[in-house]
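Student: Hi! Could you walk me through this protein? I'm new to reading structures.

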Amino acid sequence: VLCSMFSGWNLVASGLYLLLSVSSFEVSGGLVQSCGHIIPESPVLALGSNFTALCILNESCLDFGNIYAHQIIWKIKNRVVPKEQYREINRTVSSVTFNDTSSLATPLTCNVLADGQIEQNIYGITVTVGLPPEKPRNLSCIVNQVSKLTYPMTCTWNPGRPTFLDTRFVLKQRWPQENFPDCIPKDVNNSCTISDVQFFVNLELWVEAANALGKAESDPLVLDPIEIVKPLPPHNLLVKSGILPTVLKLSWDNRISGAVMKLKFNIRYRVVGDTDWMQVPPEDTASPRTSFSVQGLRPYTEYVFSIRCIREDGVGYWSDWSEEKTGVTTED
């Protein structure tokens, strides 16, 4: 907020304003010299803290207009701050103190009553009130397989309470002997995706939050990314009838290499038209495979099948269910 300069005084007479000459003021670059300023300049303050600002008048302004610190009026927006919060430090400096910044708004201005009781604005500042970041919590990650060779890892966390300030979150990662580039969230402040990860080596991850009032770090998370993989579901599912009227044979392709991860499976099925799924006993499909014969079915009945998979030891996440395929048992 630029100072309204004491280059002349507005005198009220019969509803008309007369602007006096400003020839006695020092002008630089076409702008009248400032009469004072406020310190600190545009502070960022913790919500609920106390705060003191100083309005400092220039000597040249005092000499011209006989303006002194005891004439200063502090305002929040257009509301006058109670005078018991003022303090005249000397003839050029007035302070104002707020015991709780929750009552602050912007702008905070320093004003004076000049000759003729005309209020003039000296200076104003923008006051920003907020909170330091809390420690991010509940950091967790998942590796979503998107192709046979691509395994991006997405990590999420609880960022804590709103800070009311521009708060930057960064996901950091390192091996025991090597640091990696930071992962910076794009659209939200509680999630970040690392485009690709290395398996079979422990990775340390943590989140750092920072704003103008401080920094905070989450607890570290140490894991081997192979332990948090959600594989793609099996595909190319085929259902074939056989000689027996109570059996259908399934076959499929797995989209994760056995060298990377051995899988176990769930197979579910239902009669076409029914809504309730039945499931092959999990112990029957708890080993790597690309086919399975489902037994105990009804003759000459159409069934719907779907499959999902997870790492053989059950560590990590189940895949989504595969596309559904149908098959009909033969007549008895």
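Tutor: Happy to! Let's begin with a word we'll need: a residue is called buried when its relative accessible area is under 20%. Also keep in mind that this is a predicted model.

Student: Okay, what percentage of the residues count as buried here?

Tutor: Of the protein's 332 residues, 41% count as buried.

Student: And how many helices and strands are there?

Tutor: The protein has 1 helix and 30 strands.

Student: What about the surface, how much of it belongs to carbon and sulfur atoms?

Tutor: The accessible surface is about 18,100 Å², and 50% of that belongs to carbon and sulfur atoms.

Student: Can we look at some sheets? In what order do strands 24, 25 and 28 sit?

Tutor: They make an open sheet of 3 strands in the order 24-25-28, with antiparallel pairing. Strand 24 (235-241) and strand 28 (291-294) are the edge strands, and each pairs on one side only. On average, neighbouring strands of this sheet are turned by 20° against each other, ignoring direction.

Student: How many bridges join strand 24 to strand 25?

Tutor: There are 5 bridges between strand 24 and strand 25 (residues 248-253), and the two run antiparallel. To find a spot to look at, try His235, which stands opposite Asp253 in strand 25.

Student: Nice. Which strands form the open sheet with mixed pairing?

Tutor: That one has 4 strands in the order 19-16-15-23. Strand 19 (191-194) and strand 23 (229-230) are at its edges with a single partner strand each, so one side of each has no neighbour in the sheet.

Student: Do strands 15 and 23 run parallel or antiparallel?

Tutor: Parallel: 2 bridges join strand 15 (residues 137-144) to strand 23. Val143 has Val229 in strand 23 as its bridge partner.

Student: Switching topic, where is Lys148?

Tutor: Lys148 lies in the loop between strand 15 and strand 16 (153-158).

Student: Why does Lys148 count as exposed?

Tutor: Because its relative accessibility is 52%, and the cut-off for exposed is over 50%.

Student: Which residues does Lys148 touch, leaving out those up to four places away in sequence?

Tutor: Lys148 touches Arg255 and Ser257. Lys148 and Ser257 are 109 residues apart along the chain, and their C-alpha atoms are separated by 7.4 Å.

Student: For the whole protein, what percentage of contacts join residues at least 24 apart?

Tutor: Among contacts between residues at least 6 apart in sequence, 63% join residues at least 24 apart.

Notes:
Residues are numbered from 1 along each chain as its sequence is written. This is a predicted model: local features need pLDDT of at least 70, side-chain atom pairs count only at pLDDT 80 or more; totals for chains, interfaces and linings use all residues. Side-chain values use heavy atoms; hydrogens and water are left out. Buried means under 20% relative accessible area, exposed over 50%, partly exposed in between (1.4 Å probe, protein chains only). Contact means heavy atoms within 4.5 Å. Accessible areas come from the Shrake-Rupley method with a 1.4 Å probe; for residues, only the protein chains shown count as cover. Two strands pair if DSSP finds at least two bridges between them. Axes are lines fitted to C-alpha atoms, for helices over the stretch in contact, and angles run from 0 to 180 degrees between N-to-C directions.
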